[in-house]
Amino acid sequence: VYLFVLDVSHNAVEMGYLHSFCRVLLDELDRLPGDARTTIGFITFDKVLHFYNLAEGLSQPQMLIVSDTEDVFLPSPDNLLVNLQESKELIQDLLHQLPDMFADNTETHSALGPALQVALKLMTPTGGRVCVFQSCLPSLGPGALKPREDPNQRAGNDVQHLGPATDFYKRMALDCAGQQIAVDTFIMPGQYTDIATLSGVSKYSGGCTF
């Protein structure tokens with residue numbers, strides 16, 4: 001089971017990673033580890049969470065939006081995780097559409113914490129692997145962070161802030177590990193992102209930080 005959780009805030013779109021991600025995943029879909037039971041899903045987020053109904057039989061992917069980042073919920077009980085083979089055409093359509101869908105996004109906020117919380121809800125029945133792509137400091141909802149770096153201290157010998165600013169991401173990781181969910185985090189920092197804190201969700205869940 002693979003769930004891809006993608007930052008589509010303005011900073012992420014400006015970096016252009018979404019084009020690269022979609023192109024590479026399109027090329028590699030048939031080579032994802034697994035068998036005929038392999039399932040896949042997608043969540044995108046900025047200040048709200050976007051889910052994608054990829055049910056077999058739909059003519060195109062259906063976007064579902066959850067704007068409440070303080071008390072997250074799944075907008076649909078089914079079809080947010082789908083069989084890769086049965087829904088391959090819809091998955092390919094979504095990957096072709098995603099970069100253009102958010103090309104003009106001006107929203108700078110990032111609700112990473114709520115996205116992780118809802119990913120846990122979605123994956124709890126099955127376990128699996130969550131791949132998170134993050135480009136900036138989470139700024140909304142649970143897990144929101146503030147910049148800790150002092151630009152005036154960059155040249156000093158005393159290295160600060162090597163520990164996490166909050167235990168939210170460690171607690172999320174332990175909850176995920178309890179449900180056999182590993183979280184891989186791909187951080188693409190165009191700005192300060194507090195990797196010391198964000199990496200905890202992978203460190204304690206059996207995933208990796210890239």
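Helices and strands are runs assigned by DSSP, a helix (H or I) having at least four residues and a strand (E) at least two, and they are numbered from the N terminus. The model shown in these views is a predicted one.

**Figure 1. L32 in the loop between α2 and β2.** This close-up shows L32, which is found in the loop that runs between helix α2 and strand β2, the latter spanning residues 39-45. L32 has a relative accessibility of 18% and buried means under 20%, so L32 counts as buried although it sits in a loop. The C-alpha atoms of L32 and M123 are 18 Å apart in space, while the two residues are 91 residues apart in sequence.

**Figure 2. The second largest pocket, with L32 in its lining.** About 160 Å³ of space lies in this pocket. The residues that line the pocket are Y2, F4, F21, V24, L25, E28, R31, L32, P33, C131 and F133. Strand β1 (2-7), helix α2 (17-28) and strand β6 each supply at least two residues of this lining, and α2 gives the most, with 4 residues. Sorted by class, the lining residues of the second largest pocket are 9 nonpolar, no polar and 2 charged.

**Figure 3. Stacked rings, seen at F133, F186 and F210.** The structure holds 7 aromatic pairs. In one of them, the ring centres of F133 and F186 are 4.6 Å apart and the ring planes are at 5°, and since planes under 30 degrees apart count as stacked, the pair is stacked. F133 belongs to strand β6 (residues 128-134) and F186 to strand β7 (residues 181-187), so this pair ties together parts that are 53 residues apart in sequence. F133 is buried, with a relative accessible area of 10%, whereas F186 is partly exposed, with a relative accessible area of 25%. The ring of F186 also pairs with that of F210, their centres being 4.7 Å apart and their planes at 15°, so this pair is stacked as well. Because F186 lies in strand β7 and F210 in the segment after α7 (200-203), the pair ties together parts that are 24 residues apart in sequence. F210 is exposed, with a relative accessible area of 53%. F133, F186 and F210 belong to one aromatic cluster, which also includes F4, Y17, F21 and F42.

**Figure 4. A lysine over the face of a tyrosine ring, K170 and Y204.** In this view K170 lies over the face of Y204, and the distance from the ring centre is 4.8 Å.

**Figure 5. Helix α4, a mostly covered helix.** Helix α4 covers residues 112-123 and has 12 residues. From its first C-alpha to its last, α4 reaches 16 Å, which is close to the 16 Å expected at 1.5 Å a residue. Of the 12 residues in α4, 10 are buried, and these are L112, G113, P114, A115, L116, V118, A119, L120, L122 and M123.

**Figure 6. The largest cavity, with helix α4 in its lining.** The count comes to 1 cavity of 30 Å³ or more, and about 30 Å³ of space lies in the largest cavity. The residues lining the largest cavity are L116, A119, L120, V130, M172, C176, I181 and V183. Two or more residues of this lining come from each of the elements α4, α5 (168-178) and β7, and α4 gives the most, with 3 residues. By class, the lining of the largest cavity has 8 nonpolar residues, no polar residues and no charged residues.

**Figure 7. Two loop residues with positive phi, N79 and D194.** Most residues other than glycine have a negative phi. N79, a residue other than glycine, has a positive phi near 70°, and its place is in the loop between β4 (62-66) and β5 (82-83). D194, again a residue other than glycine, has a positive phi near 60°, and its place is in the loop between β7 and α6 (195-198). Are these two residues buried or exposed? N79 is partly exposed, with a relative accessible area of 34%, whereas D194, at 4% relative accessibility, counts as buried.

How values were computed
Residues numbered from 1 in each chain as written. Predicted model: local features only at pLDDT ≥ 70, side-chain atom pairs only at ≥ 80, totals over all residues. Heavy atoms only, no water. Phe/Tyr/Trp six-rings, centres within 6.5 Å; stacked < 30°, edge-to-face > 60°. Buried < 20%, exposed > 50% of the residue type's maximum accessible area, 1.4 Å probe, protein only. Lys NZ or Arg CZ within 6 Å of the ring centre and 35° of its normal. 1 Å grid on protein atoms, 1.4 Å probe; cavity = no way out; pocket = protein on both sides within 12 Å on 5 of 7 lines; lining within 4 Å. Points joined across faces, edges and corners; volume = space filled by probe spheres on them. Nonpolar A, V, L, I, M, F, W, Y, C, P; charged D, E, K, R; others polar. Expected span 1.5 Å × (residues − 1).
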